[in-house]
Amino acid sequence: MNDSEMSRMYIEGYMERARAAQREFELMSQEEVDRAVATIGKVVYDNAEYLAEIAVAETKMGNVPDKIAKNRQKAGMVWAFLKGKKSRGILDTDEKTGITRIAKPMGVAAAVTPCTNPIVTPMSNAMFALKCGNAIVITPHHSSVKCSTETVDMINAELRRLGYPEHLIQVLDQHSRENTKNLMASADVVIATGGAGIVKAAYSSGRPALGVGAGNVQCIIDRGYDMKTAVPKVIAGRTFDNGIICSGEQSVICHEDDYDDMIAEFEAEGAYIVRKKDELEAMRGALFMDGKANRHSVGQSCDKVAQLAGISIPEDTKVIVVEVEGSGLTDPLGGEKMAPVLAAYRYADLEEGVRIAAENLEKDGKGHSAVFHSDSEENIAYVGNSLCVSRFVINQTAASSAGGSYYNGLAPTNTLGCGSWGNNSISENLTYTHLMNVSRIARYMPDNHVPTYEELWG
């Protein structure tokens, strides 16, 4: 038996166990389903510190305090969003159209999860899947197998204690491209959160797929906006978990009249400003290698990034701000930087600010997210109409709000769709409704009005 045949047999075992569990689980009531979903989130919330520590220890990315916060915030927000929402049986009836909607499971979901979010992405994907009566099989990034598996093992121990079917949530214990390929080809729906390669593979699997694109969040500050309000939010987003969050701010674009005030505020908040050509070139070398992210800088602290660049910075530096020499079309610093390094630009008018953001998004992150700090509804509408992104975060920190927040209406998630701009099938935050089949009962409505020729074409 060759390796390909062994891989297929290996995945078949996972799918058989998942399908048996799913058939039993889909017969359970909404209350029983919701209890299972709540259990998933509560395990991560209650063990946030431990799971953060093992994630940093294994991946060597990010930092423990931010991962603790992320574990708690995402677990709480996702459950708060899902709690009380119907996802089983009859959802509703529209009296006007006569349509009754009935929710049904998709079956077994396959989820590819990243090393940048090795705890909360498996958690949220499992919560969304089970909310609709599905089972799920997870294959984590090879750099985060242990911590992702430990997370699922802890969840399963609690589900087992509560009497739920075994194998509702499984993690592959053998990791290879062949196994991932066969898993995606065998599942009923695929969720791919990671690099462009794995997302493309998901869309090529022959199964319905929900993939997400790269981030490169552009932050525009409107002319005259209060820098003491905006700058701390930008720093919080760029530095969260050492800059590996896809929704973290990547570039700050400010009106030329306010630029010096902005830089002064960054310095007052602990930023190191890179202006010299030799330091700029050194930063490019530290962050990028052969046109891709330098793995040695991904998720590292300011001190580590500066060491890689051979630059001396103060010990208490919070963020490195680089005054770039062009947009992402000419300067790689305008692209996605997986470290606490922020690109700074100035614009003469809002049209130019939007153009800079658009060019950076052409480099990386088209379709993902943008931030605008402004009190002008007119300017908010202009920016919203001008940039090709799936979500605009207004006067907030993108890292903690683009993926949903208690303080905005976006669905809490760790999987952010980027639409056709980012080669994705969805242009919104992935949530439980994307893992639900819906049957529609269409009633005969004899009293419905049929338009006349004149009403149609007159």
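**Figure 1. Surroundings of Asn 414 in the predicted model.** Leaving aside residues up to four places away in sequence, Asn 414 touches Lys 74, Val 120, Thr 121, Ser 124 and Thr 193. The model shown here and in the following views is predicted, not determined by experiment. Asn 414 belongs to the loop that runs between strand E16 (389–394) and strand E17 (436–442). The relative accessibility of Asn 414 is 7%, and this residue therefore counts as buried, the limit being under 20%. Two polar partners of the Asn 414 side chain can be located in this view. A polar atom of that side chain lies 3.0 Å from the backbone oxygen of Val 120. The side chain of Ser 124 also makes a polar contact with the side chain of Asn 414, at 2.9 Å.

**Figure 2. Helix H5 and the residue that follows.** Val 120, Thr 121 and Ser 124, which Asn 414 touches, are among the buried residues of H5. Helix H5 covers residues 120–131, and its 12 residues should span 16 Å at 1.5 Å a residue. The end C-alpha atoms of H5 are 16 Å apart, in agreement with that expectation. How many of the residues of H5 are buried? The count is 12 of the 12, so the helix is largely enclosed by the rest of the structure. The buried residues include Pro 122, Met 123, Asn 125, Ala 126, Met 127 and Phe 128. Lys 131, which has a charged side chain by class, is also one of the buried residues of H5. After H5 comes Gly 133, with a positive phi near 85°.

**Figure 3. The largest cavity.** Rolling a probe the size of a water molecule over the atoms reveals where empty space remains. The structure holds 4 cavities of 30 Å³ or more. The largest cavity contains about 180 Å³ of space. It is lined by 17 residues, of which Lys 70, Lys 74, Ile 245, Ser 247 and Ala 399 are the closest to its centre. By class, the lining of the largest cavity comprises 6 nonpolar, 9 polar and 2 charged residues. Lys 74 also appears in the first view, as one of the residues that Asn 414 touches.

**Figure 4. The second largest cavity and a neighbouring pair of glutamates.** The second largest cavity holds about 50 Å³ of space. Its lining consists of Asn 156, Leu 159, Arg 160, Tyr 164, Pro 165, Glu 166, His 167 and Leu 168. Of these residues, 4 are nonpolar, 2 polar and 2 charged. Glu 166 can be followed to a second glutamate, Glu 24: the two are 142 residues apart along the chain, and their C-alpha atoms are separated by 9.9 Å. Glu 24 lies in helix H1, which covers residues 3–25. With a relative accessibility of 45%, Glu 24 counts as partly exposed.

**Figure 5. The second largest pocket.** About 170 Å³ of space lies in the second largest pocket. Which residues line the second largest pocket? They are Gln 73, Met 77, Gln 396, Ser 400, Ser 401, Ser 405, Tyr 406 and Tyr 407. The lining has 3 nonpolar and 5 polar residues, and no charged residues.

**Figure 6. Two residues with positive phi.** Most residues other than glycine have a negative phi. Lys 60 has a positive phi, near 60°, and is not a glycine. Lys 60 occupies the loop between helix H3 (48–59) and helix H4 (64–82). Its relative accessibility is 57%, so Lys 60 counts as exposed. Asn 423, likewise not a glycine, has a positive phi of about 60°. Asn 423 sits in the loop between E16 and E17. Asn 423 is exposed, its relative accessible area being 63%.

**Figure 7. His 434 in the loop between E16 and E17.** Is His 434 buried or exposed? With a relative accessible area of 13%, His 434 is buried. The side chains of His 434 and Glu 428 are joined by a polar contact of 2.9 Å. Not counting residues up to four places away in sequence, His 434 touches Met 106, Leu 210, Ile 426, Glu 428 and Asn 429. Glu 428 is thus both a residue that His 434 touches and its partner in the polar contact.

How values were computed: Residues are numbered from 1 along each chain as its sequence is written. This is a predicted model: local features need pLDDT of at least 70, side-chain atom pairs count only at pLDDT 80 or more; totals for chains, interfaces and linings use all residues. Side-chain values use heavy atoms; hydrogens and water are left out. On a 1 Å grid over the protein atoms alone, a cavity is a set of points where a 1.4 Å probe fits but cannot get out, and a pocket is an open set with protein on both sides within 12 Å along at least five of seven lines; lining residues have an atom within 4 Å of a point. Grid points are joined across faces, edges and corners, and a volume is the space filled by probe spheres set on the points. Helices (H or I, at least four residues) and strands (E, at least two) are DSSP runs, numbered from the N terminus. Buried means under 20% relative accessible area, exposed over 50%, partly exposed in between (1.4 Å probe, protein chains only). A polar contact is a pair of N or O atoms within 3.5 Å; within protein, one must be able to donate a hydrogen and the other to accept it, and residues adjacent in sequence count only if both atoms are side-chain atoms. Contact means heavy atoms within 4.5 Å. The expected span of a helix is 1.5 Å times one less than its number of residues.
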